[in-house]
Amino acid sequence: NPGNPSGNVMTHCDIQVITEFCAERGIVLLADEVYQTNVYAKGAEFVSAKKVALDSGLKNLQLVSFHSTSKGLVGECGRRGGYMELHHID
C-alpha cells in the first residue's frame, strides 16, 4: 500500500479487514509498504498496517512490514537498501 503499478491506496477500513482476517486465522501478514511516500491521489493517504492493528487492538497480529530507502527516502531507484520491521513475531 500504495500499489505499484496501479497506484491504488488502501483505506484504513480496507486494511482493517485484512489485518483482522490474518489475526483471527493466525496468518502472518507481509505488508509491502515501500511506496508509502509515493501517494499522489487527491484525498488519499498512506496508512500502515501496524497503525491499523494498534488502532484496532489486534494484539495477536503477526506482521512483517517491508520498507525501502530507494523508493521514498532518497527516491533513486538505482540505490538499493531496505529493511523490515517485525511486529509480534514469535
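Biologist: Which residue in β3 stands opposite Leu63?

Modeller: Leu63 stands opposite His87 in β3, strands here being DSSP runs of E of at least two residues and helices runs of H or I of at least four, numbered from the N terminus. This is a predicted model, in which local features need pLDDT of at least 70 and side-chain atom pairs count only at pLDDT 80 or more, while totals for chains, interfaces and linings use all residues. Residues are numbered from 1 along each chain as its sequence is written, and side-chain values use heavy atoms, with hydrogens and water left out.

Biologist: What makes β2 and β3 a pair?

Modeller: Two strands pair if DSSP finds at least two bridges between them; β2 and β3 have six, in the antiparallel sense, so the criterion for a pair is met. On its other partner, β2 (residues 63–68) runs parallel to β1, and four bridges join these two. In that parallel pairing, Leu29 has Leu63 as its bridge partner, and Asp32 has Phe66.

Biologist: Why is His87 called buried?

Modeller: The label buried requires under 20% relative accessible area, exposed requires over 50%, and partly exposed covers what lies in between, with a 1.4 Å probe and protein chains only. His87 is buried because its relative accessible area is 10%. Apart from residues up to four places away in sequence, His87 touches Lys50, Leu54, Leu61, Gln62 and Leu63, where contact means heavy atoms within 4.5 Å.

Biologist: How do you know that β2 is mostly covered?

Modeller: Five of the six residues in β2 are buried, which is the ground for calling the strand mostly covered. Strand β1 (residues 29–32), by contrast, has a covered face with Leu29 and Ala31 and an uncovered face with Leu30 and Asp32. In a regular strand the side chains alternate between the two faces of the sheet. Over the whole chain of 90 residues, 30% count as buried.

Biologist: What makes the crossover from β1 to β2 right-handed?

Modeller: The word applies if, with the strands pointing away from the viewer, the path from the first strand over the helix to the second runs clockwise. Here the unit consists of β1, helix α2 (residues 49–55) and β2, and this β-α-β unit is right-handed. It sits within a chain whose elements run α-β-α-β-α-β from the N terminus on.

Biologist: Why do Glu85 and Lys50 count as a salt bridge?

Modeller: A salt bridge is a side-chain nitrogen of Lys or Arg within 4 Å of a carboxyl oxygen of Asp or Glu. For the side chains of Glu85 and Lys50 the N to O value is 2.6 Å, so the pair satisfies that limit. Because Glu85 lies in strand β3 (residues 82–87) and Lys50 in helix α2, the pair ties together parts that are 35 residues apart in sequence. Both are partly exposed, Glu85 at 31% relative accessibility and Lys50 at 26%.

Biologist: How many salt bridges are found in the whole structure?

Modeller: The search of the whole structure finds three. In one of them, Lys51 and Asp55 have their closest N and O atoms 2.9 Å apart; being four residues apart in helix α2, they are separated by about one helical turn. Another joins Arg25 and Glu24, with the closest N and O atoms 3.4 Å apart.

Biologist: How do you know that Glu24 is exposed, and what is the label for Arg25?

Modeller: Glu24 has a relative accessible area of 61%, so it counts as exposed, whereas Arg25, with 49%, is partly exposed.

Biologist: What makes Val28, Leu30, Phe66, Met84, Leu86 and Ile89 a patch?

Modeller: Patches are made of residues with over 30% relative accessible area and no salt bridge, like charges being joined within 9 Å and nonpolar side chains (Val, Leu, Ile, Met, Phe, Trp, Tyr) within 5 Å. These six names form a nonpolar patch on the surface with about 530 Å² of accessible area together, accessible areas coming from the Shrake-Rupley method with a 1.4 Å probe and, for residues, only the protein chains shown as cover. Val28, in the loop between α1 (12–25) and β1, counts as partly exposed at 38% relative accessibility.
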